[in-house]
Amino acid sequence: GDHSQLGLESLMAEIHERREECDKLTRELEMQRQHFKQELEYLGGQLREEAVRCERLEEQMNDLTELHQNEMEIIKSGVTDMEEKVQYQSEERIRDIQDQLASLETKISRMEHQAAQHQQYVTLEGIENSNARALVVKAINILLTLLQVVLLILATAAQILKPFLRTPTRVVTTVLLVTVLVLAIRQWGEIKEFSVHFASKVKNNTEKEKLRDL
């Protein structure tokens, strides 16, 4: 009887111990469940925030895409207008260059005529110094030749550059050419004045030599 009583008590103690272990495991599982529940709620909140942020980013991307498309349309329209404007200005400048070349040719013809008259006048007045007369004639001929060469170069350059002046990147060529033409036109007066001054100086020197000989 004592042996059976001890076996029963040992069994009850083991059952009690197992029950405590089960209770402990139950509490631990409940703690883990609460912990996982909190983690899931936190992750769910993070996912909802990310979803909201993604929606906002998508809206911003759509707005930026629409804005970019509008800006591209504006830029394309501006480029088209600029090309038309540059082409029109290029054609206008080409016409101005042609007009200036025609005017330049007229001035050269006038200078040739004046040079011929001046040479005839000097001849009629009679330059006795043959070296001075030859120098004047040679200088005038060289000047007229150079003027004709410059006119030919400018006319050829204008014809060559005409196709290239229809693009925006070649407008600067037209500006430079116009500048060169303006400077050249300004120099004609100085060259003419220099020629007349030189001829007058030679004439005066000749007259002074005549007076000294008398």
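These legends accompany close-up views of a predicted model.

**View 1. The overall fold is built from helices.** Welcome to the whole chain, with three helices and zero strands. Followed along the sequence, the pattern reads α-α-α. Of the 214 residues in the chain, 15% are buried. If you like contact maps, here is a number to keep in mind: among contacts between residues at least 6 apart in sequence, 86% join residues at least 24 apart.

**View 2. The largest nonpolar core brings together nine residues.** Here you can pick out I97, L101, L104, I108 and M111, together with L143, L147, L151 and L154. Both α1 (2–125) and α2 (130–161) supply at least two residues each to this core. Which helix gives the largest share? That is α1, with five residues. As general background, nonpolar side chains in soluble globular proteins tend to be buried together.

**View 3. A second core lies apart from the largest one.** This other core has five residues, including A115, V136, L144 and V202.

**View 4. Two cysteines, C22 and C54, are partly exposed.** Why does C22 count as partly exposed? Its relative accessibility is 46%, which falls between the 20% limit for buried and the 50% limit for exposed. C54 gets the same label because its relative accessibility is 45%. A search of the whole structure for disulfides finds zero.

**View 5. The accessible surface of the chain.** Stepping back to the outside, the accessible surface comes to about 16900 Å². Carbon and sulfur atoms account for 58% of that surface.

How values were computed: Residues numbered from 1 in each chain as written. Predicted model: local features only at pLDDT ≥ 70, side-chain atom pairs only at ≥ 80, totals over all residues. Heavy atoms only, no water. Core = buried A, V, L, I, M, F, W, Y, C linked by side-chain atoms within 4.5 Å. Buried < 20%, exposed > 50% of the residue type's maximum accessible area, 1.4 Å probe, protein only. Helix = DSSP H or I, 4+ residues; strand = E, 2+ residues; numbered from the N terminus. Disulfide = S-S within 2.5 Å. Contact = heavy atoms within 4.5 Å. Areas by Shrake-Rupley, 256 points an atom, 1.4 Å probe, with all protein chains shown as cover.
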